[in-house]
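User: Hey, got a minute to walk me through this one? I'd like to start with a glycine in a loop and then wander from there.

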Amino acid sequence: MAAQSFRDEASCSVCRGLFRDPVSIHCGHNFCRACITRCWGGNRDNFPCPRCHEAAPEKKLRPNRELAKIIEVAERLSLRAARGGDARCPQHRELLKLFCEDDQTLICLVCRETPAHRLHAVAPAEEAAEERKEKLQAHVQVLKDRREKLLGLKAAEEGKSHAFLERVETERQKVTSQFKELRRVLEGQERLLLDRLAQLDREIVKRKEEKVNGLLGDVSSIDERIRELEEKCRQPACEFLQDSRSILSRLEEDGAQKPAETSPELEDLPTSSFPPKNVALKEMLMKFRASLTLDPDTAHPRLVLSEDLKRVRFGDARRHVPDNPERFDSSRCVLGREGFAGGRRYWEVAVGDGDAWAVGVAKASLGRKGRLSVKPEAGIWALGRCGSRYQALASPAVPLPAAPRKIGVFVDYDAGRVAFFDAGEEAPIFAYPPVDFEGEKILPLLCLGRDCQFTLWP
């Protein structure tokens, strides 16, 4: 009741809302400045009070600051109370049931009829809230979708990283296996070389002892002659001169024979007694050497073969040859005529000055038409050179030192091994991990670039 009484006293009798910029007129009643000004309109000499109708000859408006402060306090209290329940209009104390689209603010039914909102588009507060909630929820869904996409990218990145790590681990195991095989070969070579050096050591010691014993015998003989001559020198003159001619003659003969100052046997020890570098490796490989020739039916039209089918070079022009199924038509390659599906084989290929080539082996089922992919996945195990890069053509390629002038190729079919050697330095270069040839025939493979020339040996 007290609240209603206060509202009646604090409300303008014209707009029925709380005072806005309250002013007092001649009769003492209070109005909103805008409301009383609108009521008096264009009056010039008659200014009646809208409430008591008492007129005044002139327009006098006195600001009521005390009332304005009271209204301000009341509005703050109303807003504070509204937070605990249904929101009410701070001016009209009505429920805020409408939403002004133009001003983007909540208004009451009384505000709707005021000039400030009469021409504005309004909607029920619940509908406006639902519409905006739908927009927010749509945006929330967009954010959720974006979050799911980012999580998907994160999972994909983690999967990709895991795949690369697995690939690195596979390569690590491959390298470990290759060097394990090389160490096995080198250890066998080391044992053989050490055995030969030990044998040579014993031979040198034996020869030294024989020679030293011979020299000691010569020294003993000389000592005997020295004693004999010294005794002659101690003889009387007559006795000494009787035998002096024969003694001097023997001395001249001894002087003509100069004693050996060094051991001819040791000096003349042939260098072949010392094992050459990597002789064990070379000897092991030579046990499996195979005499190979090239198959002209497989040679690319740009390649020229020698009459003995041991040499091939990059030709100046494309030859007119039958386009049979076995012939390479895009990749400039040629296969060996002799294939094998078991046992061990070793051969050597002398490479020329070209800077683009590949040497290795391939499965007999290798496709001959179109560009080759020189990789184990395509059935090819090879070394290659491209410009200054020299590499094993694995997946991925493995960089290697500078290209040798002569490459040895060793294949252990039953063990699934393909290894390459520097035939000049007689040292291993690279070994592929074991592979299953699946019973398929294996053929030597040569790929040539411009200015290349290969020679097979033996």
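User: Setting aside its neighbours within four places in sequence, what is G439 in contact with?

Analyst: Leaving out those neighbours, G439 touches A341 and Y413. Keep in mind that this is a predicted model.

User: And where does G439 sit?

Analyst: In the loop between β19 (427–431) and β20.

User: Buried or exposed?

Analyst: G439 is exposed, with a relative accessible area of 60%. Its C-alpha atom is 8.2 Å from that of G342, and those two glycines are 97 residues apart along the chain.

User: OK, new topic. What does the largest nonpolar core look like?

Analyst: It has 50 residues, and the ones with the most contacts inside it are W347, V359, L383, I407, Y432, L446 and F454. Strand β20, residues 442–448, gives the most to this core, with 6 residues.

User: Pick I407. What is it in contact with, leaving aside neighbours within four places in sequence?

Analyst: Quite a list: W347, E348, V349, V351, W357, V359, L383, Y390, F420, F421 and A423. Apart from that big core there's another one, of 15 residues, with L18, I25, C35 and C49 among them.

User: Cysteines, nice. How many disulfides does a search of the whole structure find?

Analyst: 0.

User: Hm, why isn't C27 bonded to C49?

Analyst: The C49 sulfur is the closest cysteine sulfur to that of C27, but it is 3.3 Å away, so it's too far for a bond. The cut-off used for a disulfide is 2.5 Å between the sulfurs.

User: And which cysteine sulfur is nearest to C32?

Analyst: That of C15, at 3.9 Å, and C32 is in no disulfide.

User: Are C27 and C32 buried or exposed?

Analyst: C27 is partly exposed at 21% relative accessible area, while C32 counts as buried at 3%.

User: Back to the strands. Where is K406?

Analyst: K406 lies in strand β17, which covers residues 406–412. That strand is mostly covered, with 6 of its 7 residues buried. K406 itself counts as partly exposed, because its relative accessibility is 29% and buried means under 20%.

User: What does the K406 side chain make a polar contact with?

Analyst: The side chain of E348, at 3.4 Å. Their C-alpha atoms are separated by 6.7 Å, although the two residues are 58 apart along the chain.

User: What else is K406 in contact with, ignoring neighbours within four places in sequence?

Analyst: Besides E348, there are V349, A350, F421, D422, A423 and G424.

User: Which strands does β17 pair with?

Analyst: Strand β12 (residues 344–351) pairs with β17 in the antiparallel sense over 7 bridges. β17 also pairs with strand β18 (residues 417–422), again antiparallel, over 6 bridges.

User: So who stands opposite whom? Start with E348.

Analyst: E348 stands opposite G408 in β17. For the pairing with β18, V409 stands opposite F420.

User: How many residues sit between β17 and β18 in the hairpin?

Analyst: 4 residues, and G416 in the turn has a positive phi of about 70°.

User: Good. Quick recap of K406 and I407 for my notes?

Analyst: K406 is partly exposed and has that side-chain polar contact with E348. I407 is among the residues with the most contacts inside the largest nonpolar core. E348 is on the contact list of K406, and E348 is on the list of I407 too.

Conventions:
Residues are numbered from 1 along each chain as its sequence is written. This is a predicted model: local features need pLDDT of at least 70, side-chain atom pairs count only at pLDDT 80 or more; totals for chains, interfaces and linings use all residues. Side-chain values use heavy atoms; hydrogens and water are left out. A nonpolar core is a set of buried Ala, Val, Leu, Ile, Met, Phe, Trp, Tyr and Cys residues joined through side-chain atoms within 4.5 Å. Buried means under 20% relative accessible area, exposed over 50%, partly exposed in between (1.4 Å probe, protein chains only). Helices (H or I, at least four residues) and strands (E, at least two) are DSSP runs, numbered from the N terminus. Contact means heavy atoms within 4.5 Å. A polar contact is a pair of N or O atoms within 3.5 Å; within protein, one must be able to donate a hydrogen and the other to accept it, and residues adjacent in sequence count only if both atoms are side-chain atoms. Two strands pair if DSSP finds at least two bridges between them.
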